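Please open the model in your viewer and keep the sequence panel in sight. The tour below proceeds by selection, stop by stop.

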Amino acid sequence: MTGAAVDMEADRPGPQASGSPLAALAYLDVAVVVLALPIVLLAGGPLLGFGAGAGGWIVARAVGVAVDRYALGAPNPRTGLIVAIAGLFLRLWIVTLAIVIAARAGEDKDGLTAVIVVGVAFTIYLATSMILRPPSMRASGRRPESR
């Protein structure tokens, strides 16, 4: 499950809570993708590839939020886990489909641009999710004791 799921189960406000100073970091990847549009326009980059990559990423993130909320509300933890895993695969298919559509509908540079957009967004998402991870889920650096 995600860090947000652990926070909700422990009745702790997560970093995404509205009053948290780290709440803006949770969607930094989406903000960077949206704010990159003027740069792509000014640089004369392929808009089809950018639009497909950005659109795919934003849809995948929205699906991820919805799936996480549903998984957290599931009465059975096993059902929540299955839904969360299925959501991961669904998000993967969404961004993959966006990249393939960009490459097929446009030129090679459109597909490459879509890959770059998704790669940058994923890198930011991964970094911020590690920062926002609750302390109980971070590695302590200690090795388990052997018996």
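In what order do the elements of the chain run from the N terminus on? The order is α-α-α-α-α-α, and the chain accordingly holds six helices and zero strands. Please note that this is a predicted model.

**The whole chain**

Begin with all 147 residues displayed as a surface; 31% of them count as buried. The chain exposes about 9,700 Å², of which carbon and sulfur atoms supply 68%. Of the contacts between residues at least 6 apart in sequence, 65% join residues at least 24 apart.

**The aromatic pair**

Next, select W57 and Y125 and show their side chains. A pair of aromatic rings is described by the distance of the centres and the angle of the planes. A search of the whole structure finds one aromatic pair. The ring centres of W57 and Y125 are 6.0 Å apart and the planes stand at 70 degrees; because planes over 60 degrees apart count as edge-to-face, the pair is of that kind. W57 belongs to helix α4 (residues 47-73) and Y125 to helix α6, so the pair ties together parts that are 68 residues apart in sequence.

Is each partner buried or exposed? W57 is buried, at a relative accessible area of 7%, whereas Y125, at 24%, counts as partly exposed.

**G49 and its contacts**

Remain on helix α4 and select G49, which lies in that helix. G49 has a relative accessible area of 0% and is therefore buried, since the term applies under 20%. Add A102 to the selection: its C-alpha atom and that of G49 are separated by 5.2 Å, although the two residues are 53 residues apart along the chain. Which residues does G49 touch, leaving aside those up to four places away in sequence? They are A102, D110, T113 and A114.

**The second largest pocket**

For the last stop, select A36, V40, F50, I116 and V117. Among the 13 residues that line the second largest pocket, these lie nearest its centre. The elements giving two or more residues to this lining are α2 (28-35), α3 (37-43) and α6 (108-132). Helix α6 provides the largest share, five residues. The volume of the second largest pocket is about 210 Å³.

Colour the lining by residue class to finish. How many of the lining residues are nonpolar, polar and charged? The lining of the second largest pocket divides into 11 nonpolar residues, two polar and no charged.

Technical notes: Residues numbered from 1 in each chain as written. Predicted model: local features only at pLDDT ≥ 70, side-chain atom pairs only at ≥ 80, totals over all residues. Heavy atoms only, no water. 1 Å grid on protein atoms, 1.4 Å probe; cavity = no way out; pocket = protein on both sides within 12 Å on 5 of 7 lines; lining within 4 Å. Points joined across faces, edges and corners; volume = space filled by probe spheres on them. Helix = DSSP H or I, 4+ residues; strand = E, 2+ residues; numbered from the N terminus. Nonpolar A, V, L, I, M, F, W, Y, C, P; charged D, E, K, R; others polar. Phe/Tyr/Trp six-rings, centres within 6.5 Å; stacked < 30°, edge-to-face > 60°. Buried < 20%, exposed > 50% of the residue type's maximum accessible area, 1.4 Å probe, protein only. Contact = heavy atoms within 4.5 Å. Areas by Shrake-Rupley, 256 points an atom, 1.4 Å probe, with all protein chains shown as cover.
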